[in-house]
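Let's take a walk through a protein model together, one piece at a time. Keep the sequence and the 3D view at hand as you read.

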Amino acid sequence: ATHLHIWAIDHTPVHWLERDEPFVMAHFSTAVGGRAGDAAPLAEAPENGVECLDGIDLGFGVDTVTIDADAYACSFGKADGALKALQFWSSEENEGESPFPLVGFKHCFYRAPTDNDRGGLDTLGGNIFPPWVLRILETWAPKNNSFSWNWKMAGLHQITSRRMVLVEPEFKEGTRQRTVVEEHYGKSLHALENDGRGEKVFTTTTTWQFLAEGVQIHVRVEPNMAVLGKIKTLCSLPRVGVELKFPNAYNKVVWEGLGPHECYNDRQASAWYGVHCKDVDDMHTPYVVPSENGARVGVRAVTFVDESATGEYNAMTIEVENRNHPNKRRNKSYDGAVLSVSRYSVEELDHASHDDELGMLPERPYFYVHLDAAMMGLGGDNSWEPVTLPEYFVPVDQVWEYDLTIYPATVSVETTAS
């Protein structure tokens, strides 16, 4: 594929633009013997990543199941199937030392509501009505309530998960794999305390395939329309994806997709396709009232770099294959995932009323990474009604499938310079 970027740069500073900063940009992409938007990968995938895995060992402890390979080790809770750690060694010589760990993995279907997400009759004038008023609104004019209100009616803001089926690691077509089936329960806005975990809203099937030098994860998400379908005004999910946790040593983010600034599926015109690089802290957009922020769309691969690491590898790469069809008005050149990186969790962004509150949170040894197969657009025709265009919705009744492939990589510090 051929990519052409055109910038218009003003050499005379003005009050709204610094000297030599671009003020107009255009991007053109032409497919030549492949998909429009194809680009070189951030790092080469392991050549023997799909060969027979005679060198992979299984271990069964009292509480964990472990998978050991030459390049990595992975452990799961034996009772609940949850990922405990995925560690890649920086070189064969120091296997078991200086690991690059992935320390968290969970499915995510909610985002911290933006001002536009909160726009609706239930928040008219910026005031949250008491529960008895919301009950009246539900029957009187539910189609005028906010997206946020509908998400909370479905309990997407309070999801708990229960792992139902654990398939022990096994040989299959030359690989070892492990499958975890989970049910996800949402506690509705009007649920009583004694309602327990709420109603089942999603079922996910996550298949971990352990390759020679990396791990491939296939995810299938099935909505429970018996529950979600009862909310007639729930026209879009906020997001469908996973939340990962990376240690703070991976302070550099390099991604192939749209960028360099934040962009969403209805906010793409000012972004361009390419390989972009930023520090973790620069991936977050500090809005005065914290909310969903900092997304980059059309992402096919992202690499997290530890610039202080020594050894053969100093980075971890995640390639994404989105198996869902892009929306009809979305540029198919940018079919991929939505990437978000932040020091703060969705819950922390949702509960904070001012950006200063985030700065008072205690430091932690990791940051959050979201990779979404789909995320709803931001809308914004006005901020007091739910008016995001339907072509930028995340359909409630759709089955979603996507793949993540994780492997160690080597990235030169010079190439990560912003």
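Start with an open sheet of 5 strands in this predicted model. Reading across the sheet, the order is S8-S13-S20-S19-S16, and the pairing is antiparallel. Which strands stand at the edges? They are strand S8 (104-108) and strand S16 (296-299). Each has a single partner strand, so one side of each is left without a neighbour in the sheet. If you look across the sheet, neighbouring strands are turned against each other by 25° on average, with direction ignored.

Now pick out two strands of this sheet. S19 covers residues 337-342 and S20 covers residues 366-375, and the two pair in the antiparallel sense over 5 bridges. To find your place on this pair, look for Ser-340, which stands opposite His-370 in S20.

S20 also leads us to the nonpolar interior. The largest nonpolar core has 66 residues, and Phe-246, Phe-304, Ile-318 and Leu-371 touch the most other members. S20 gives the most to this core, with 5 residues. Try clicking on Phe-246: leaving aside its neighbours within four places in sequence, Phe-246 is in contact with Leu-102, Phe-304, Met-316, Ile-318, Pro-365, Tyr-366, Phe-367 and Val-369. Apart from the largest core lies another one, of 10 residues, with Tyr-264, Ala-271, Ala-295 and Leu-378 among them.

Next, follow Phe-304 to its strand, S17 (residues 301-305). Is this strand enclosed or open? All 5 of the 5 residues of S17 are buried, so the strand is largely enclosed by the rest of the structure. You can check this from both faces: Ala-301, Thr-303 and Val-305 are buried on one side, and Val-302 and Phe-304 are buried on the other.

S17 has antiparallel partners that you can trace. 5 bridges join S14 to S17, and 5 bridges join S17 to strand S18 (residues 315-322). Val-305 is a handy landmark here: Lys-252 stands opposite Val-305 in S17, while in S18 the bridge partner of Val-305 is Ala-315.

What about S14 itself? This strand is mostly covered, with 8 of its 8 residues buried. S14 also pairs with S15 in the antiparallel sense, over 8 bridges. Along this pairing, Val-254 stands opposite Cys-277 in S15.

Between these two strands there is a loop to explore. Asn-265 sits in the loop between strand S14 (252-259) and strand S15 (272-279). Why does Asn-265 count as buried? Its relative accessibility is 12%, and buried means under 20%. The side chain of Asn-265 reaches the backbone oxygen of Met-375 at 3.3 Å. This side chain also reaches the backbone nitrogen of Gly-377 at 3.3 Å.

Finally, let's ask how confident the predictor is. The mean pLDDT of the chain is 80, and 72% of its residues reach 70 or more. Confidence is highest in S19, at 97, and lowest in strand S2 (residues 21-30), at a mean of 58. Over residues 30-53 the pLDDT is below 50, and this stretch has 55 contacts in the model beyond near neighbours in sequence. Residues 328-333 also stay under 50, and the model has 11 contacts for them beyond four places in sequence. Where pLDDT is low, the predicted coordinates should not be read in detail.

Terms used
Residues are numbered from 1 along each chain as its sequence is written. Side-chain values use heavy atoms; hydrogens and water are left out. Helices (H or I, at least four residues) and strands (E, at least two) are DSSP runs, numbered from the N terminus. Buried means under 20% relative accessible area, exposed over 50%, partly exposed in between (1.4 Å probe, protein chains only). A polar contact is a pair of N or O atoms within 3.5 Å; within protein, one must be able to donate a hydrogen and the other to accept it, and residues adjacent in sequence count only if both atoms are side-chain atoms. Two strands pair if DSSP finds at least two bridges between them. Axes are lines fitted to C-alpha atoms, for helices over the stretch in contact, and angles run from 0 to 180 degrees between N-to-C directions. pLDDT is the predictor's confidence in each residue, from 0 to 100. Contact means heavy atoms within 4.5 Å. A nonpolar core is a set of buried Ala, Val, Leu, Ile, Met, Phe, Trp, Tyr and Cys residues joined through side-chain atoms within 4.5 Å.
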